[in-house]
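Here is a short, friendly tour of the model in front of you. Take a moment to look it over before reading on.

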Amino acid sequence: MVLRLFLLSAVVVSGAIHFAAAHEGHGDEAAGSCAGSPDIGVVAYYRPGIVTVDGREDDWDGIDGFEVQLLPALDPDVDKAYAGGKMSIKAIHDGSNVFFMLQVDGEYAYSQGANEKCPSVALMFQVGENASYHNMGGCKNLPGSCNNMSCRGHEVDIMHFSIGNAIPGRLYGGNLADNSEGTGNDRFGHLVDVYAWNPHCRYLDGKGPTGKSSYAQNDWHGAWWHSKITFNSGIVAGDSPYSEDGVKGTYYFEFSRPLRTMDRSQQDVQFVIGQTSRVAAAFWYPIGEIK
Ligand SMILES: *[C@@H]1O[C@H](CO)[C@@H](O)[C@H](O)[C@H]1NC(C)=O
Ligand SMILES: *[C@@H]1O[C@H](CO)[C@@H](O)[C@H](O)[C@H]1NC(C)=O
């Protein structure tokens, strides 16, 4: 019997994403999109009808990725960067929806139902005008005293995908069951729509410090894939894609969301074509296997 402990490595990068209008060319620098954001300058080009959200990246050929080094969130020291290499972030929009492709090398690690033994990935966007990346919005109030009045202006919108129950290539996120309950949950694949004022005051959309806060939806959809999977038919749970076999390769995480949502409570970021939004990405990889 082997005891295996996995530690999580949280890594985060931050910057800005510019939503190019249809006439903005590929080579445009999207002036101002990187102002105040040294790390990322992702441009979401207008490319309607080229991408299918299936976790596969072949349809992203020709879209420039922005490469970022992944540093530990708590100790952002270059010496401690994620050893698997940089993460590439690509974005496009089709006039109604935004699409993201996050690509990062890592050995295959996928234990059924054990999110802490699988990679997970998150995107965080500024919503409130005074929200900081640091401390997920940076509201000073702690649970018990953080609420939509005391932390007003510090809202950030978070999409978090933990793949422990998500079959590669299948679509997760917003679904009828959770949306009909008015929350950003995803009981099937854990691709959830969350908002926060700081790391301690983080809630599913539609919930808040005192329970139900509004009627919300999970507005995200997404899928994941790993290059080690060569099976080209649709995968089902019965195919047992779960393993910890450590095959080297690349993870792909693909997402979509409407540019605008029906949020009424500052829980979702709203994207505007021609404007820039602030974004941060995080990737957790199970490391430190102790036998
Ligand atoms: C953001 O902070 C400024 C300066 O403290 C303040 O005037 C403004 O009302 C804040 N915005 C919100 C939405 O609370
Ligand atoms: C704050 O949340 C409560 C419910 O939790 C809601 O009744 C109220 O309208 C919200 N206020 C604002 C300013 O969003």
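Ligand 1 is a good place to begin: Gly128, Glu129, Asn130, Arg152 and Gly153 surround ligand 1, where a residue counts as near if its C-beta atom, placed from the backbone, lies within 6 Å. Before going further, note that this is a predicted model, in which local features need pLDDT of at least 70, side-chain atom pairs count only at pLDDT 80 or more, and totals for chains, interfaces and linings use all residues. Residues are numbered from 1 along each chain as its sequence is written, while chains are lettered from A and ligands numbered from 1 in the order in which they are written.

Around ligand 2 you will find Asn148, Gly208, Thr210, Ser213 and Ser265. The table gives both shells by class, with Ala, Val, Leu, Ile, Met, Phe, Trp, Tyr, Cys and Pro taken as nonpolar, Asp, Glu, Lys and Arg as charged, and the others, Gly among them, as polar.

| Shell | Residues by class |
|---|---|
| Ligand 1 | no nonpolar, three polar and two charged residues |
| Ligand 2 | no nonpolar, five polar and no charged residues |

Now for the fold. The protein chain has one helix and 16 strands, taken as DSSP runs numbered from the N terminus (helices H or I, at least four residues; strands E, at least two). Strands E10 (residues 191–198) and E11 (residues 201–204) run antiparallel and are joined by four bridges; strands pair if DSSP finds at least two bridges between them. Two residues separate E10 and E11 in a hairpin, and Tyr195 is opposite Tyr203 in E11.
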